[in-house]
Amino acid sequence: MRQLTSPSGKQEKQQYLHFRWQHLRAPWHQPQGSELDNLEEISHHFMITDKDNHIIAVARLHQVNQTLGQVRYVAVSPAYQGQGLGRQIMVACEQKAGELGLHKIELNARENALAFYLSQGYTNQGKSHVLYDEIQHYKMEKVLAEPVLTSAVQQLVKTWYATIPMSKAMGIRVLSATKDKLMTSCDLAFNKNLHDTMFAGSINTLATLTGWGWVNLQLEQQGLSGDIVLGKGSIKYLAPIPAHAYAVVDQTNIEENYQNVAKNKKAKVHIVCQVYSGDILAAEFTGTYVVIPKKGEE
């Protein structure tokens, strides 16, 4: 059974990079290591494996700025070409780009892959560069459908900006919101420290407000109301964030029960919010939020 995943663990990552080198660099007599660049740790990596867990296709998505993503290192094993794997892995890149709130994807396509990318909705912007003095590349672009944010999500952002001035200064925004997950981000340039990585206070604020936002949306969805305060919170900083970060609250990491709110009583919600840079888990925030019935309702 074929499986689409992201490489995890040292050995799997080495196999993933070896596949990239084997299919994209070795045929042109390039040394191992030439398949790497300085964006690996802040990118999103995808691979497809066969029933024996052998890698048969790869691709990488890098977030250039708040609206633009770039896809690189797309390769499908010759033995599996023509079976839809290229389309499958590009869809994965585009779905991740959509989750990140990106509006457009760009890539540089080899001449022999032009027809494939055109069939996937990319437009040819003309010649870009020649690799190894022989492989002509063309710049391709695709505009993605902008995520549709509900009125409740839009109101959440307005509430942040109106009541917590720092959230507006940080440029905190909702990337996507579903019944199972809330993803947010913030302006990278504003939130950097003297080391050119994301300021720890900004990481903590982003995570805290993402958890607060989840509770806010759940109350809205259930027709409930109350003041949400952070009762207790702690954060572990696991890796520096040198590029765009995003915070994720996933329902699988939440303990919540709003029945007390419906009875005009206090309710506690335990949330884990994870902050990523590319595929790297950079911080993990654990918070307990308390929903307090508004005065006159208890």
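Okay, let's start with one pair: Gly233 stands opposite Gly287 in strand 13. This is a predicted model, so to speak of local features we need pLDDT of at least 70, side-chain atom pairs count only at pLDDT 80 or more, and totals for chains, interfaces and linings use all residues. Residues are numbered from 1 along each chain as its sequence is written, and side-chain values use heavy atoms, with hydrogens and water left out.

Strands here (E, at least two residues) and helices (H or I, at least four) are DSSP runs numbered from the N terminus. Strand 13 covers residues 280–292 and pairs with strand 10 in the antiparallel sense over ten bridges; pairing takes at least two DSSP bridges between two strands.

Helix 6, residues 200–221, packs on the sheet and touches strands 9, 10, 11, 12 and 13, where contact means heavy atoms within 4.5 Å. Its direction makes about 45° with that of strand 13; axes are lines fitted to C-alpha atoms, for helices over the stretch in contact, and angles run from 0 to 180 degrees between N-to-C directions.

Now, the whole sheet. Six strands make an open, antiparallel sheet, ordered 8-9-11-12-13-10. Strand 8 (173–177) and strand 10 (227–237) are the edges, each pairing on one side only.

And helix 2? Residues 85–99 lie across strands 8, 9 and 11, at about 135° to strand 8.

Last thing: which residues line the largest cavity? They're Ile42, His44, His62, Gln63, Ala243, His244, Tyr246 and Gly278. A cavity is a set of points on a 1 Å grid over the protein atoms alone where a 1.4 Å probe fits but cannot get out, and lining residues have an atom within 4 Å of a point.

Terms used
On a 1 Å grid over the protein atoms alone, a cavity is a set of points where a 1.4 Å probe fits but cannot get out, and a pocket is an open set with protein on both sides within 12 Å along at least five of seven lines; lining residues have an atom within 4 Å of a point.
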